[in-house]
Amino acid sequence: MATPECYACGKEAEFDDLPPRECVVHDRLWRVAHAMDTAVGGWLVLLPRRHVTAVHDLTDAEAAASGVWQVRLSRALRSVTGCVKTYVVQFAEAESFAHVHFHIVPRMADLRPEHRGPRVFELLRRPEQERLTADQADRWALSLRAHLHEHPTTQGPDRGR
């Protein structure tokens, strides 16, 4: 059940009209968005399409699909961004963001030490002039979408749009 104060549920309610940055790809259980207010191109957020506030409340199908999505998105990020690894993080604690979501962050080889590990979240708090614009996030989303469609998985989540 969606809740009106939930950012993710609000976007789900607008699903058919979402820009690429809000729906990179999806299946019946999960939607992938590009993170907002980030200085990192390719920072993705994996969101269940129903309202759920704790990982232990995911269905078995959602849990299985989330793992496949995390690996699939990490592989796509490596191919598209050239990152050396990805960080996968889940907290869902911020106000209006209690909806379970997984951050899948490309960790570039030249990432400064002060931004490595959990400190990467400092790159969500940069001054506005350092953040990606909506158009830049849409371009990242479209590039990742194209890559994911060119390299579909043979098992796991349904292919997104």
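## Hollows, a helix and two unusual loop residues

Let's start with the hollow that lines the inside: its residues split into 4 nonpolar, 1 polar and 3 charged. Here Ala, Val, Leu, Ile, Met, Phe, Trp, Tyr, Cys and Pro count as nonpolar, Asp, Glu, Lys and Arg as charged, and the others, Gly among them, as polar. The hollow in question is the largest cavity, with a volume of about 30 Å³. A quick word on what you're looking at: this is a predicted model, where local features need pLDDT of at least 70, side-chain atom pairs count only at pLDDT 80 or more, and totals for chains, interfaces and linings use all residues. Residues are numbered from 1 along each chain as its sequence is written, and side-chain values use heavy atoms, with hydrogens and water left out.

A search of the whole structure turns up 1 cavity of 30 Å³ or more. On a 1 Å grid over the protein atoms alone, a cavity is a set of points where a 1.4 Å probe fits but cannot get out, while a pocket is an open set with protein on both sides within 12 Å along at least five of seven lines; lining residues have an atom within 4 Å of a point. Grid points are joined across faces, edges and corners, and a volume is the space filled by probe spheres set on the points. Around the largest cavity you'll find Ala8, Cys9, Glu12, Arg31, Leu47, Pro48, Arg49 and His99. Helix H1 (7-13) and strand S3 (44-48) each give two or more residues to that lining, and H1 gives the most, with 3 residues. Helices (H or I, at least four residues) and strands (E, at least two) are DSSP runs, numbered from the N terminus.

Stay on H1 for a moment, as lysine 11 sits there too. Lysine 11 counts as buried because its relative accessibility is 19%; buried means under 20% relative accessible area, exposed over 50%, and partly exposed in between (1.4 Å probe, protein chains only). Leaving aside neighbours within four places in sequence, lysine 11 is in contact (heavy atoms within 4.5 Å) with Leu18, Glu22 and Arg31.

Now for the open hollows. The largest pocket has a volume of about 550 Å³. It has 24 lining residues, and the closest to its centre are Met36, Phe97, His101, His103 and Leu124. Strand S2 (30-34) is among the elements that supply at least two residues of this lining, and S2 gives the most, with 3 residues. The second largest pocket has a volume of about 210 Å³. Of its 13 lining residues, Ala39, Val40, Met108, Leu111 and Leu123 are the closest to the centre.

Next, follow helix H3 (residues 134-150). Its 17 residues reach 24 Å from first C-alpha to last, close to the 24 Å expected at 1.5 Å a residue (that is, 1.5 Å times one less than the number of residues). Buried residues of H3 include Ala137, Leu144 and Leu148, and the helix's buried residues pack against strand S1 (25-26), S2, S3 and helix H2 (60-81).

Finally, two loop residues. Most residues other than glycine have a negative phi. Aspartate 37, in the loop between S2 and S3, has a positive phi of about 55°. Serine 96 has a positive phi too, near 75°, and lies in the loop between strand S4 (85-89) and strand S5 (102-107).
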